[in-house]
Amino acid sequence: LRTLHIVCDGLRDADAQALATIKDVPRLEALTLNLQRSQVTDKGAQALASLKDVPSLTVLDLNLQSSIIMQCERIRDTGVQALATLKEAPSLKVLNLNLCGNEVSCVGAQALATLKESPSLTSLTLDLQPPRIVHSKQIRDQGAAALATLKEAPSLTSLHLNLCRHDLTCVGAQALAALYSAPSLTDLTLGLG
């Protein structure tokens, strides 16, 4: 088994923990986990971060989109910090991480910026659009400045960031504009609306 696609909704942390045992599948190269509209929290995200231990995994598409309008349990910075350890996956080249509708603050953004340390990552998509609820976490300008350091990633050629509805000012937008000068990037998409 080299490629695995799993689509589920309505899952909770215990289900995510069970799915994390996929890391034991020998020679797994590509994994898609579409868990949108599930109620995965920090505990489930921490379990899924163990996918970094799959030695042959080159492509990981992890959709943890939460409901953007309903009040429900969400992944917060502790879970995002755990997911940032995916940088330790030895063969990971493509990472698509959809955290839309979860509550990622500047702390989570700073953790995700450490993905630049991944030795083999060539393509990164981060969807960090916050939920449409009052008082949701925002990455703000400080988090945008941290994400702008992804330009230092040595192998990164493709970067897609969705930061819509994060109340960035011109300071945050200006920090992200520095990504255009990244020497290795050939494909850059910024969602800032």
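Against which elements do the buried residues of α5 pack? In this predicted model, the buried residues of helix α5 pack against α4 (106-113), β5 (123-127), β6 (158-162) and α6 (170-177). Helix α5 spans residues 140-148, and its buried positions are Asp 141, Gly 143, Ala 144, Ala 146, Leu 147 and Ala 148.

The contact between α4 and α5 was examined further. Two packed helices are described by the angle between their axes and the distance between the axes. The axes of α4 and α5 come within 8 Å and cross at roughly 5°. Because of this crossing angle, α4 is roughly parallel to α5. On the α4 side, the residues that take part are Cys 106, Ala 109, Gln 110, Leu 112 and Ala 113. Their counterparts in α5 are Gln 142, Gly 143, Ala 146 and Leu 147.

Leu 147 also belongs to the largest nonpolar core, which holds 53 residues. Together with Leu 33 and Leu 126, Leu 147 touches the most other members of that core. In soluble globular proteins, nonpolar side chains tend to be buried together. With neighbours within four places in sequence left aside, Leu 126 is in contact with Leu 97, Leu 112, Leu 115, Leu 147, Leu 150, His 160, Leu 161 and Asn 162. The contacts of Leu 126 thus include Leu 112 and Leu 147, residues that also occur in the α4 and α5 contact set.

The strands form an open sheet of seven members in the order β1-β2-β3-β4-β5-β6-β7, and their pairing is parallel. β1 (3-7) and β7 (187-191) occupy the edges with a single partner strand each, so one side of each lacks a neighbour in the sheet. From one strand to the next, the twist averages 0°.

The edge strand β1 pairs with β2 in the parallel sense over five bridges, and Leu 4 stands opposite Leu 31 in β2. In a regular strand the side chains alternate between the two faces of the sheet. In β1, the covered face carries Leu 4 and Ile 6, whereas Thr 3, His 5 and Val 7 lie on the uncovered face. Strand β2 (residues 30-34) is largely enclosed by the rest of the structure, because four of its five residues are buried.

On its other pairing, β2 joins strand β3 (residues 59-63) in the parallel sense, again over five bridges. Here Leu 33 has Leu 62 in β3 as its bridge partner. Strand β4 (residues 94-98) and β5 are likewise parallel and share five bridges, with Leu 95 bridged to Leu 124 in β5.

Two right-handed β-α-β units involve β2. One consists of β1, helix α1 (residues 13-19) and β2. The other is made of β2, helix α2 (residues 42-48) and β3.

Two arginines were noted for their backbone conformation. Most residues other than glycine have a negative phi. Arg 37, in the loop between β2 and α2, has a positive phi near 65°. Arg 37 is exposed, because its relative accessible area of 52% lies over the 50% cut-off. Arg 140 is not a glycine either, yet its phi is positive at about 55°. Arg 140 lies in helix α5 and is partly exposed, with a relative accessible area of 45%.

Technical notes
Residues numbered from 1 in each chain as written. Predicted model: local features only at pLDDT ≥ 70, side-chain atom pairs only at ≥ 80, totals over all residues. Heavy atoms only, no water. Buried < 20%, exposed > 50% of the residue type's maximum accessible area, 1.4 Å probe, protein only. Contact = heavy atoms within 4.5 Å. Pairing = 2+ DSSP bridges. Axes fitted to C-alpha atoms, helices over the stretch in contact; angles between N-to-C directions. Right-handed = clockwise from strand over helix to strand, strands pointing away. Core = buried A, V, L, I, M, F, W, Y, C linked by side-chain atoms within 4.5 Å. Parallel < 35°, antiparallel > 145°, perpendicular 65-115°, else oblique.
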